[in-house]
Amino acid sequence: MSHQPTSDPGQEPTRAPGDEQSPHLSVQDDRTSLHPSALSRAFLDHVKYSRGHQLDHATALDRYVALALSVRDRLVERWAASANAHAEHAAKRINYLSAEFLLGRALVANLQALGVEQAYREVLADLGIDLDELIDQEPEPGLGNGGLGRLAACFLESMATLGLPATGYGIRYEFGIFEQVIRAGRQVERADEWLQFGNPWEIARPEHAVEVMFGGETQHIPHEGGGYRVVWTPHDRVLGVPHDIPIAGYRNGTVNTLRLWGAKSSREFDFQMFNAGDYVRAVEFKNATEVISKVLYPNDNFEAGRELRLRQEYFFVACSIQDIVRRHKLAYSTFDNFSDKVAMQLNDTHPAVAIAELMRLLVDRYHLSWKAAWQQTVAAFGFTNHTLMPEALERWPVELFERLLPRHLEIIREIDRRLTRQVMTAFPHDLARAGRMAIIDQQDTPQIHMARLAIVGSHAVNGVAELHSHLLRTEVLKDFHELFPERFSNKTNGVTPRRWLMSCNPQLSALITERIGDGWVQDLEQLRQLDGLSDDESFGERLMEIKHGHKRALAAIIARQIGVWVDPSYVFDVQIKRLHEYKRQLLNLLYIVALYLRAKRGEVVVPRVFIFAAKAAPGYRQAKLIIRLIHAVAEVINSDPRVGQIRVAFLPNYGVTLAERIIPAADVSEQISTAGKEASGTGNMKLTMNGALTIGTLDGANIEIREAVGEENFFLFGMTVDEVQARLESDPSGRAAYEASSELRAVVDLITEGFFSPEEPDRFAGLMEGLLDRDQYMVLGDFDAYAACQGQVADTYMDRQRWARMAVHNIARIGRFSSDRAIREYASDIWNVTPIPVALEPGASD
């Protein structure tokens, strides 16, 4: 969705490229103005002066960087104005701590936030340049693994769009989430060199570098006023250098900051060793320390990987908390108002050590009493839990903490001691409860439970979907809810419609705007007006035409990337998400094999393309084996001329940019996780927003999406949470389901016997035998229900008018799943932060 900007108020018409400079136009106008002439000059100036080229000799990369810098100039004006407005209002600020920020490309988002996409498109066209070619030059920052990082990015964008003062804090990974390459069906990980050519959006701030300490020992020194002071003498010191990225609000003047920390050695170079000829050891310490911010989530299947991951988490937390405290001390002379001016949100357990770090600073450095420091800490922190999976609730060995963070271990032990006393006072005859709630457990190898630390040290704890929050209160964190019931709430996730509808699906956005205006971009609930168009056949036809256009474009991508030809008239059935057993890509695959066998028997099969995109964690062997099986099945089906009505496509290296291509083209959204395992999901929201119909379970946000769009517009199957639990307690094996279903039996046997791996018949046998022994995620248990529901999907798709009506209802009723709504709830219920208007100088606004 693009708008032609008007000229700036009070500005005289300016020259076109090549015309003489107007005497009324200043250099600042070229930096800040949104007038097309100024945009053109700014671009050409950056090509020449920032990249050192004339336009004719500039590469596509030169032109992209010049364009990004000219856009950044305009953001910087708003960035400074936002900082001034926040300071003038003495505003309370949100500080969002997350180990992941899966941002996606920034250029289009920033052009649209400024309202100059169309103006730039025309300016560049006059210079013989296609804007889309420059957009494709931008590497995608691989700063996240999946939904957690993408949610954080949506939230930052919504905070800025709502005018809320906010800063995101994370790590500037030099090599982000790995680049996935498929070789002979196997996932191979390669370094993601997203910073190879630099990042024009960021501004390094070495003057605000922070020192981070590791290891060493603590000393308890008596204090003349009574008590003692603790001095931590570290073994290692690392510098954290901040790199700031502007996060623009949609056409409101607000630009907030994402501050990412890069690790830099405190001892760059040992000149004495170098002169002595020991060249390797001369830079050994530098390399060892700077590895902290090299890679997102190092493989923690071995001790060195676990240690590096804890170093990463503490590094970014220590940098961020010190930065937050520094800013507070600059503005105020006291910590009495710290929690009145500072809100800090922990995005899952990765930054939970922030609680101990803030206590360390307040008690050890600024000499607050424990009581006063704890009061400010709890009041400042909020904690968002993102998982129900026990293995994802972070725990760290005490031995590792003692070696790396000795002072923090002492603080956590004191928090734990006080928690135990509080529990025993509240439940005096329940010693077992105190053990269950201990932050440091008493196992043979004691571990620190970071989720428990986050709950105890935060005034607010929230889940991310109604079911997820219910299960936290009643099962996973039941003891803590009974001790702190007032802390728990639900904040269902949301996604930004600016990226996930307006930007990735401009054709659908234009159709919607044509019918109801463009207010929906900032108020997604306005899509409800489309409900009245569900019986308008012309609207439905245009919707389906737009969908078909995206399917053609995706078919071309599939052909280009993996050499598989697919027919865009087929059903495009999409499952795109991180590869995990509970997300049940394997269930989808078993159905594909069943469909293949039906087609081989001559049964009528509604033509369908099954599209997968997923990365498996490097150390997750089972997930990587499932990827290999998907490719083995795809190879057989795609090369069988007798089953041309089925195609299977696995698109490698899934990320935000690829999702933006797949989501608008999807007919069917696979949201088939085992009930009770998915916290929320956000892919379900994005796909629904773009008119895909969901086949899914009663899990995560699926439940609320189904309630919103209407159960008649949602394909439901599968066991409930209680039914899954009952099955696991009575008979966790999958053998009963296998014996009861002849179709399932044929599928499992075909895979087990090596049909899809004749050169290695036993390759996937263990995968099937594991399901028969223990069907932990009900892959076999839910198969028949899933297959029957897929039949309903196929039958419905054949009625094109009905399908279009259902798609319209899905789009019209998705409004509550905007990240704007979610952020408003956080701001009012947890952070107590209000919007601050930002006034721009004349000539800087459109």
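In which helix does valine 721 lie? Valine 721 belongs to helix H29, which covers residues 721-730. The model described here is predicted. It holds 52 salt bridges, and its largest nonpolar core has 153 residues. The points below take up valine 721, the nonpolar cores, one pair of helices and several salt bridges.

**Valine 721**

- Valine 721 has a relative accessibility of 16%, and because buried means under 20%, valine 721 counts as buried.
- Setting aside neighbours within four places in sequence, valine 721 is in contact with Leu467, Leu471, Ala675 and Gly676.
- One of these partners, leucine 471, is 250 residues away from valine 721 in sequence, while the two C-alpha atoms are 9.6 Å apart in space.

**Nonpolar cores**

- In soluble globular proteins, nonpolar side chains tend to be buried together.
- Within the largest nonpolar core, of 153 residues, the residues with the most contacts are Met159, Phe315, Ile321, Phe401 and Trp831.
- Helix H11 (residues 303-331) gives the most to this core, contributing eleven residues.
- Isoleucine 321 is in contact with Leu97, Met344, Ala354, Glu357, Leu358, Leu361 and Phe381, leaving aside its neighbours within four places in sequence.
- A second core, separate from the largest, has 128 residues, among them Val593, Ile662, Ala737 and Leu750.

**Helices H23 and H34**

- The axes of helix H23 (residues 537-562) and helix H34 (residues 800-812) come within 9 Å and cross at roughly 85 degrees.
- Angles of 65 to 115 degrees count as roughly perpendicular, and H23 and H34 are therefore roughly perpendicular to each other.
- On the H23 side, the residues that meet H34 are Glu537, Phe539, Gly540, Leu543 and Met544.
- On the H34 side, Arg800, Gln801, Trp803, Ala804, Ala807, Val808 and Ile811 take part in the contact.
- The residues of the contact of H23 with H34 comprise eight nonpolar, two polar and two charged.

**Salt bridges**

- Side chains of opposite charge can pair when their charged atoms come close.
- Aspartate 73 and arginine 31 form a salt bridge through their side chains, at 3.0 Å from N to O.
- Aspartate 73 lies in helix H3 (residues 60-88) and arginine 31 in helix H1 (residues 27-32), so this pair ties together parts that are 42 residues apart in sequence.
- Aspartate 73 counts as buried, at 12% relative accessibility, whereas arginine 31 is partly exposed, with a relative accessible area of 43%.
- Glutamate 189 forms a salt bridge with lysine 624, and their closest N and O atoms are 2.8 Å apart.
- This pair links distant parts of the chain, 435 residues apart: glutamate 189 is in strand S4 (residues 186-190) and lysine 624 is in helix H25 (residues 621-638).
- Glutamate 189 counts as partly exposed, at 30% relative accessibility.
- Glutamate 482 forms a salt bridge with arginine 433, with the closest N and O atoms 2.6 Å apart.
- Glutamate 482 in helix H20 (residues 478-483) and arginine 433 in helix H17 (residues 431-437) are 49 residues apart, and the pair links distant parts of the chain.
- Glutamate 482 is partly exposed at 33% relative accessibility, whereas arginine 433 is buried at 9%.
- Arg205, Asp244, Arg259, Asp323, Arg326 and Arg327 are joined into one network by salt bridges that share partners.

Terms used
Residues numbered from 1 in each chain as written. Predicted model: local features only at pLDDT ≥ 70, side-chain atom pairs only at ≥ 80, totals over all residues. Heavy atoms only, no water. Axes fitted to C-alpha atoms, helices over the stretch in contact; angles between N-to-C directions. Helix = DSSP H or I, 4+ residues; strand = E, 2+ residues; numbered from the N terminus. Parallel < 35°, antiparallel > 145°, perpendicular 65-115°, else oblique. Contact = heavy atoms within 4.5 Å. Nonpolar A, V, L, I, M, F, W, Y, C, P; charged D, E, K, R; others polar. Salt bridge = Lys/Arg side-chain N within 4 Å of Asp/Glu carboxyl O. Buried < 20%, exposed > 50% of the residue type's maximum accessible area, 1.4 Å probe, protein only. Core = buried A, V, L, I, M, F, W, Y, C linked by side-chain atoms within 4.5 Å.
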